[in-house]
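Q: Please take a close look at the aromatic rings here, and explain step by step how their arrangement is described. A connected account for a first-year student would be welcome.

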Amino acid sequence: DALKPRVILLADEQLTGPARDKVQARVDRFVGYQIETLLKPLIDLKNAEQLTGIARGVAFQLVENFGLLNRRDVADDIKSLDQEARGALRRLGIRFGAYHIFLPALLKPAPASLVTLLWALKNDGKDKLGFGDAVHALAAGRTSIVVDETYDKNFYRLAGFRLLGRRAVRVDILERVADLIRPALAWKPGTGTRPDGAYDGSAFLVTPQMMSILGANAADIEEILKALGYRAEARTPAEVAARMAQLDAAAAKAVADRAAAAEAKAAAETAAAAAMASESGNDEAEPVAGEAAGADTATPDAVITEADATDAGPVDETVATDAPDAEASDAVAADVDAPPASDETETEAETAQAVPAPESASAPESATEIAIGEAEDSVTAAATEAAPTESPAPAEATEAPKPILIWR
């Protein structure tokens, strides 16, 4: 068992008996403690008695492969897992990625170094080329490295890298790239703002963020995506730009339509609330109007006294003060829209005052002469450059724009 190495104590006859047994026990405890501490997620997964059926089989394969599996290799088993089994595996530290099933806690220099050592002890790999080099790249924080063909490929996997073309990429970095690709492929035209990299709902473009995360150039990322199972289709830059402009316009229209619908709904709710409020106000005002009518019928020939006139005054004042408030609000709204026009008017007035008439009359003549001179120079320059444009066809072919790859 690679996780339970046997320690052989090398000592001469001076270390024998109980003393040798103590040394042997101490060394065994030390090695066991290192493995149980640094590789605790792997040990817990190996000893997980709560797992049954397919979940236990997946855990066994992860232990055998030191915590890293390509999802394609166990695709059928993963599809057969129910939610309860997935939850149990997740509680043990397993992550179900788009490309890998792995233990993220082992993608660190200390666990990766110990895993590499245990694999090398079991497979006589300490003398093989590349032993420990991939771990050094992991400790340096490299997200991807150039593959050395002379190294044993197992060392890259043990350090948490996956071989994709000419580069080896950390598996957690590949999952971050998958998190960028997933929304680009899931987006559909007309469903909202187009995510970065989305093209037409079933394809995506390589974004600068993807290249930055992978630490690769355009040629390398092509190999990486092809190795992951994506296929590319070449498009001209003009075609891609036109298509993306069309998609962005459709997305903006969809967003505007939803905003207009929301505003209309809010306005309808406000109008309904205002109607309810006015109805309740009319119901309260009817008794008062009835009382006033009764008073008029009771004393038709009564003379309006000075006190009656003062009582009627506030009603007229209230009516008079309500109308100016509405006019004032309209005036405030007009003032909000007015500043740009007033600023332009003031600017024109200041310009008219600041520029005297004689100078303003002479300025256009000098400007015209300058414009004519510039036009003559531009015509001369265009005539000079006309000859190089009539170059042979091969020169024009070399200036053809590079096609853009659409990935599906």
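A: In this predicted model, Arg-86 lies over the face of Phe-96, at 5.5 Å from the ring centre. The charged group of an arginine counts as sitting over a ring if its CZ atom is within 6 Å of the ring centre and within 35 degrees of the ring normal.

Rings may also be paired with other rings. A pair of aromatic rings is described by the distance of the centres and the angle of the planes. There are 4 aromatic pairs in the structure. In one of them, Trp-119 and Phe-155, the ring centres are 5.6 Å apart and the planes meet at 80°. Planes over 60 degrees apart count as edge-to-face, and the pair of Trp-119 and Phe-155 is therefore edge-to-face. The two partners come from separate helices: Trp-119 belongs to α6, residues 109–123, and Phe-155 to α8, residues 153–158. Because the partners are 36 residues apart in sequence, their pairing ties together separate parts of the chain.

The surroundings of these two residues can be considered next. Under 20% relative accessible area, a residue counts as buried. Trp-119, with a value of 10%, is therefore buried, and Phe-155, with 3%, is buried as well.

A second pair is formed by Phe-204 and Tyr-230, whose ring centres lie 5.4 Å apart with the planes at 85°, so this pair too is edge-to-face. Here both partners are found in loops: Phe-204 is in the loop between α9 (171–186) and α10 (208–214), while Tyr-230 is in the loop between α11 (218–228) and β7 (232–235). The pair therefore ties together parts that are 26 residues apart in sequence. Phe-204 has a relative accessibility of 0% and so counts as buried. Tyr-230 has a relative accessible area of 16%, and it is buried too.

Beyond separate pairs, rings may be grouped. Trp-119 and Phe-155 join Phe-131 in one aromatic cluster. This cluster thus includes the edge-to-face pair that links α6 and α8.

The loop between α9 and α10 deserves a further remark, since Phe-204 lies in it. Gly-190 is also located in this loop. At 32% relative accessibility, Gly-190 counts as partly exposed, whereas Phe-204 is buried. Neighbours within four places in sequence left aside, Gly-190 is in contact with Ala-254 and Arg-258.

Terms used
Residues numbered from 1 in each chain as written. Predicted model: local features only at pLDDT ≥ 70, side-chain atom pairs only at ≥ 80, totals over all residues. Heavy atoms only, no water. Phe/Tyr/Trp six-rings, centres within 6.5 Å; stacked < 30°, edge-to-face > 60°. Helix = DSSP H or I, 4+ residues; strand = E, 2+ residues; numbered from the N terminus. Buried < 20%, exposed > 50% of the residue type's maximum accessible area, 1.4 Å probe, protein only. Contact = heavy atoms within 4.5 Å.
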